[in-house]
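Visitor: I am new to this structure and would rather know one part of it well than hurry past many. Please choose a single stretch, look at it closely, and then tell me how the rest is arranged.

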Amino acid sequence: MSSIRLSNINLRFPLYRDSSRSLKRSLLEAGKAVSRSRTISTDGGHTVVNALNNVTCNIEHGERIGLIGTNGAGKSTLLRVLAGIYEPTSGDIKVEGRVNALLNIGLGSDPDATGYENILLRGLYMGLHPKEIEKLAPAIAEFSELGEFLHVPVRTYSAGMGMRLSFAIATATHPDILLMDEWIMAGDRRFLQKARERVDSFVSRSQILILASHSPQILAQWCTRLFWMDSGSIVMEGETDAVLKQYETGEPPASPSDTQQLTTLAS
Amino acid sequence: MSGNLALRTIETSAAGYAPRRTNTQLAVDDLVAGVESWWLWSTLAWQDIRQRYRGSILGPFWLTISMAIMVGALGFLYSAIWKIEITTFLPYLTLGVLFWNLISSLINEGTSAFIRAESIMLQVRMPMTVHVLRSVVRNFIIFLHNCVVAAAVLLIFAVPQSLYSLVSLLGLFLILLNGIWVTLLLGMVCARFRDIGPIVSSLTQIVFFLTPIIWMPDALGNKFWVLYLNPVYAFLEIARGPLLGHTIPMPVWGMAFGVTTVGFLVTFLFFARFRARIPFWV
């Protein structure tokens, strides 16, 4: 049984090199709706990003969780923490189950290598043995519908083709927990439908999907529970419809966890 | 209300979390997991090599050819300058250049080991050690290509070999072993400070001239001791000397093992302290 427990996860990281550019970029990422002083502060000359603040949540098997929020709200950062890429500065994290993450359309692919070679490479990244990947390759090729394109370097692929390949690889390996970032939108309607069916069967086997997006439509279709993230905190969580309704208003409800987080920051 | 319930569940289950592992334990975990996934870093290294063959039949053999040309040209010129028989000088130069190319490429590619791995590092959880071993193995494979030149020269000049020549393999092993900490340390430092990479590559060029590769240590006369300030000399000599019938003096062994030990210790301390920061640096 897969499950995810996060308790008071904080993630702060200093921005070092080319600070003006990085700062500018992070300000842009923080988005206009964000109160900047809460996200970015300076500490001994370094610019520190408070990427996640006291994130606490429980996710049980069979759940389809959506993360909603503006750019820079911390959705992708949270996915990276769940994938074990970023280690939180403080807090406890317990993830049970094998995690596959589709965070970036490239997924560390080698642009000059062919589609087939990338199936091997990404299978390796996910911890599979070359022999296991060989067995999975035909199924991946079929699901991706890339056909002859699999013999061509992936640098020639369109965004949608790249997404199809990445999705096919990530789901063919039967992860317990699937993390996806919003680029899933790159697929065409028919493939999205197919992808959703695969995710449905996947979640019905008691596995977990976590999808980050700023698109209410996609989240309404794919998810049963939403976390609304803002400035690195979960400001609201609940049933998809309820959270989306509140999200449309643009104002998160004043919740106990929110005030608690503000006092923690002030101290 | 559901939010409050969820909070209570976490509080009660808080004791169920495993105690946070210390930075040192996590660094050891990373090293062990990294070494254990040998099929991962060896395949990645081979993939890098295949990349070099793509669009070019010769692939890394271009490097081998350029090495052969360099050795041939320098061999004739410098044996004349130093007034040393070419039969002595050319094998010496070839082996020197062979092992030097390995050492310098370990150092120079070490500086970009993590920066190059950025796209993987930010997508998939993987021990940092994997990126290090990938770089070391890739350079070892290229070294094997270059061995062709050295083998040819040793055969043509009929350099006598004995059982002691096998000590050279120990020298090679020491170079690769040290390549691991050098790659890990430089990989971290250069990911954090981007201007250090170019500085390292200029320094490496200087070290080439300071190390007896195109000149022989005897030329130093009574200033021979300066070589003991150059750690690269120790590794180069252990790898090269036995193939030329030279016995390795004790101080050279001491220096090689000393550098290996201190290098790993210092690097491990750095690694334990900064390992979790690497994804933010790249």
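Guide: What follows takes one strand and the turn after it, moves to the strands around them, and ends with the second chain.

This is a predicted model, so local features are described only where pLDDT is at least 70 and side-chain atom pairs only at pLDDT 80 or more, while totals for chains, interfaces and linings use all residues. Residues are numbered from 1 along each chain as its sequence is written, chains are lettered from A and ligands numbered from 1 in the order in which they are written, and side-chain values rest on heavy atoms, with hydrogens and water left out.

Chain A, the setting for the close look, has 10 helices and 10 strands, where helices (H or I, at least four residues) and strands (E, at least two) are DSSP runs numbered from the N terminus. Of the 267 residues in chain A, 55% are buried; buried means under 20% relative accessible area, exposed means over 50%, and partly exposed lies in between, with a 1.4 Å probe and protein chains only. Among the contacts in chain A with a separation of 6 or more, 73% join residues 24 or more positions apart, a contact being heavy atoms within 4.5 Å.

The part to look at is strand 9 of chain A, which is mostly covered, with 6 of its 6 residues buried. In a regular strand the side chains alternate between the two faces of the sheet. Here Arg225(A), Phe227(A) and Met229(A) lie on one side and Leu226(A), Trp228(A) and Asp230(A) on the other, and both faces are covered.

Strand 9 of chain A has paired neighbours, and two strands are said to pair if DSSP finds at least two bridges between them. Strand 4 of chain A runs parallel to strand 9, joined by 4 bridges, and Gly66(A) stands opposite Leu226(A). With strand 10 of chain A, strand 9 pairs in the antiparallel sense over 6 bridges, and in this pairing Phe227(A) stands opposite Glu237(A).

Strands 9 and 10 of chain A form a hairpin with 2 residues between them, and in its turn sits Ser231(A). Although Ser231(A) is not a glycine, its phi is positive, at about 50 degrees. Ser231(A) counts as buried because its relative accessibility is 1%. The backbone oxygen of Ser231(A) lies 3.0 Å from a polar atom of the side chain of Asn53(A). Asn53(A) belongs to strand 3 (residues 46-59) of chain A, and at 5% relative accessibility Asn53(A) counts as buried as well.

Following strand 4 (residues 64-68) leads to strand 8 of chain A, for these two pair in the parallel sense over 4 bridges, with Leu67(A) opposite Ala212(A). Strand 8 (residues 208-212) is also mostly covered, with 5 of its 5 residues buried. Ile208(A), Ile210(A) and Ala212(A) point one way from strand 8, and Leu209(A) and Leu211(A) point the other way. Strand 7 (residues 177-180) of chain A also runs parallel to strand 8, over 4 bridges, and there Leu179(A) stands opposite Ile210(A).

Beyond this part lies chain B, of which 36 residues are in contact with 43 residues of chain A. The area buried between the chains is about 3400 Å², with 58% from carbon and sulfur atoms; buried area is the accessible area (1.4 Å probe) that two parts lose on being put together, summed over both. The interface holds 2 salt bridges, each a side-chain nitrogen of Lys or Arg within 4 Å of a carboxyl oxygen of Asp or Glu. One of them joins Arg50(B) and Glu117(A), at 2.6 Å from N to O. Helix 1 (2-13), helix 3 (38-53), helix 7 (118-121), helix 9 (167-192) and helix 13 (278-281) of chain B each supply at least two residues of the side that touches chain A, and helix 3 gives the most, with 7 residues.

Notes:
A polar contact is a pair of N or O atoms within 3.5 Å; within protein, one must be able to donate a hydrogen and the other to accept it, and residues adjacent in sequence count only if both atoms are side-chain atoms.
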